[in-house]
Amino acid sequence: MSLLSLRDVRVQFNTAGGVVRAVNGVSLDLAVGETLGLVGESGCGKSTLGKAIMKLVPVSGGEIVVEGVDIAPLSGEQLTGMRRKVQMIFQDPYGSLNPRSTVGRSVAQPLVLAGWKAGATAERVETLLRWVGLPSDAKQRYPHEFSGGQRQRIGIARALALSPKLIICDEPVSALDVSVRAQVINLLEDLKSEFGVSYLFISHDLSVVEHIADRVAVMYLGMLFEVGGRDQIWKSPQHPYTRALLAAAPIANPKLARARQRTVLQGELPSPLNPPPGCPFNSRCPMAQDRCRVEKPVLRPVANGAQAACHFV
Amino acid sequence: MQRFEFLGRFARNRGALVGACLILLVALMAAFASVFFPTDPLRIVGLPELWPGEDPEFPLGTDSLGRDILSMIVHGARATLLIGLFASAVATIIGVGVGAIAGYFGGWVDEIAMRAAELFQTIPNLIFVLTIVVILGSTLTNIVIAIGIVSWTPIARMTRAEFLSLRDREFVQACRSMGMSDFRIIVSEILPNALPPVIVLSSLVVAGAILFESAVSFLGLGDPNVASWGRLVGDGRQLIRSSWYICAIPGIAIMITVLCLNLVGDGLNDALNPKLRDR
């Protein structure tokens, strides 16, 4: 049984300009102990999908199954069990901690809400801060006294408090300096090997995803275009969007960078208010044909062993 | 550490410092009124209409009945300040409550709350206060409640604006993802962050409340058992041509106190606003 299983998940927002289908039928499985990287450009709905799993945004359709329980229709207290299994790390280390709470109070919050006693909570907070490499006097200090990387560690400690099985990492290192990024990534990997926690790792930074993910899902305008093992996707991307995305990532070696074939995408991500009919990628796809403007592709097995949603691979 | 920084920033604004000192003086005067003037201030103690300085026993003179004006001012400070503080507290409680709920939940809740606030704002404040006092009766409590009811709207708007900007911040989402209840998020997470500008506004409402109470008392609708400064002005108004000091002295007291409260409000604004910190 997979830890997390999404079936045709939909999230839509009613805005003044019309209905935005931020997540438009996503199906995905995440196994125990696995790290799944969710990549895509800004505005493709990857963060919204993460928030939908946390039930931070209303889910308008589909199933979100956590260890056999569909949490999509649940609300309020019914979610207590799921909250212990799934936690989240946020993007902005400056915004994700209450500036008027001490670090100790922030980290203790999930424990207090779960009904832990004061003594046990204090002990657990000490342990958590040690795990993430913060000095123990950190707990009576305030977030503004810490650097971005340290604050992200505080956020990680808070997410770990109840020993969750899955942590949704919403761009956890995007706001950090490159030098600090590696430290936080290494910390996440250490915690994974120590506690067997799974990650849904949302990022637009392909080099980070290549480093940390076991499997990768590529998202575009609310739907998945390609899902597969990291090596399958990096070595032989099948979907034209995945190819363009990987080609756009910078390469450190200038010789290799000059030598490679590049498909550069034209234009911007279409407005999710008014997505093109058929395949949402047809307006920018180098391979687009008449069929793409009519029929929406679905995920199906392709040559590299992964799954891709394209009519022509 | 943080607290000292705050005091330092507050003290950098000279006007605020002077204001705070004078307010403190008035507050001390109010607190120890019965020590300085143990007798009832409304008792007749001397000749009527003695001008200030005419009799050294009554440095600020006596009113038309022969009551000591200094004693009445000192005792009146207590009533005036208490009315101001409590009316501001009532306004702050209503305003923060309505604003927090409107800003946090949004949607139709927000719509109803803001339309209600607009309704209150369209009614002329003084007439509204007078109406409430006339209907409920001229007691101190009713006057405080009436002033609170007309003064809560700016506080509600300010609180709502703060909540709107804070409710989607990631630390609030983190709390929601832990399953924290809405009530707890509002009170223990967002409110502490939303309060600084609200405190500034509340301090200004104290000044406004003192003026409202003075106006109510001047019109003779104040609590007859309380000698607030507004009532002293009102009592003296028949003699304004001959013995104008009876009106002027409590009037000056009101003016200075309100001015100082505004200065303190400005100082709090500077000290609590992090964007002005380094100026």
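**View 1. Helix H7 of chain B, residues 140-166, in the predicted model.** H7(B) is 27 residues long. From its first C-alpha to its last, the helix reaches 37 Å, close to the 39 Å expected at 1.5 Å a residue. The helix has a kink of about 40° at B:Ser151. The proline B:Pro154 follows shortly after that kink.

**View 2. The surroundings of B:Cys247 in helix H11 of chain B.** Helix H11(B) covers residues 245-272, and B:Cys247 is found in it. Is B:Cys247 buried or exposed? A residue counts as buried if 20 or more other C-beta atoms lie within 10 Å of its own. B:Cys247 has 20 other C-beta atoms within 10 Å, so B:Cys247 is buried. Leaving aside residues up to four places away in sequence, B:Cys247 touches B:Val233, B:Gly236, B:Arg237 and B:Ile240. B:Arg231 lies 16 residues from B:Cys247 along the chain, and the C-alpha atoms of the two are separated by 9.5 Å.

**View 3. Chain B as a whole, with 11 helices and 0 strands.** From the N terminus on, the elements run α-α-α-α-α-α-α-α-α-α-α. The C-alpha trace of chain B spans about 75 × 45 × 30 Å along its principal axes. Chain B has 279 residues, of which 46% count as buried. Among contacts in chain B between residues at least 6 apart in sequence, 69% join residues at least 24 apart.

**View 4. The side of chain A that touches chain B.** In this contact, 19 residues of chain A meet 14 residues of chain B. Helix H2 (80-85), strand E6 (86-89) and helix H3 (103-113) of chain A are the elements that give two or more residues to this side of chain A. The largest share, 3 residues, comes from H3(A). By type, the residues on this side of chain A are 9 nonpolar, 6 polar and 4 charged.

**View 5. Strand E9 of chain A, residues 215-220, and the strands joined to it.** Why is E9(A) described as largely enclosed by the rest of the structure? The reason is that 6 of the 6 residues of E9(A) are buried. In a regular strand, side chains alternate between the two faces of the sheet. On one side of E9(A), the buried residues are A:Arg215, A:Ala217 and A:Met219. On the other side, A:Val216, A:Val218 and A:Tyr220 are buried, and both faces are covered. Strand E3 (residues 35-39) of chain A runs parallel to E9(A) and is joined to it by 4 bridges. A:Gly37 has A:Val216 of E9(A) as its bridge partner. Strand E10 (residues 223-229) of chain A runs antiparallel to E9(A), and 6 bridges join the two. One of the bridge partnerships is between A:Met219 and A:Leu224 of E10(A). E9(A) and E10(A) form a hairpin with 2 residues between them. In the turn, A:Leu221 has a positive phi of about 50°.

**View 6. An open sheet of 4 strands in chain A.** The strand order is E2-E1-E4-E5, with antiparallel pairing. Strand E2 (18-30) and strand E5 (69-70) of chain A are the edge strands, each pairing on one side only. Strand E1 (residues 4-15) of chain A pairs with E2(A) over 10 bridges in the antiparallel sense. A:Leu4 has A:Leu30 in E2(A) as its bridge partner. Helix H1 (residues 46-53) of chain A packs on the sheet and touches E1, E2 and strand E4 (61-66) of chain A. The direction of H1(A) makes about 70° with that of E2(A).

Note on methods
Residues numbered from 1 in each chain as written. Chains lettered and ligands numbered in written order. Predicted model: local features only at pLDDT ≥ 70, side-chain atom pairs only at ≥ 80, totals over all residues. Contact = placed C-beta atoms within 7 Å. Nonpolar A, V, L, I, M, F, W, Y, C, P; charged D, E, K, R; others polar. Buried ≥ 20, exposed ≤ 12 C-beta atoms within 10 Å, placed from the backbone. Pairing = 2+ DSSP bridges. Axes fitted to C-alpha atoms, helices over the stretch in contact; angles between N-to-C directions. Expected span 1.5 Å × (residues − 1). Bend = angle between axes of the 7 residues up to and from the residue.
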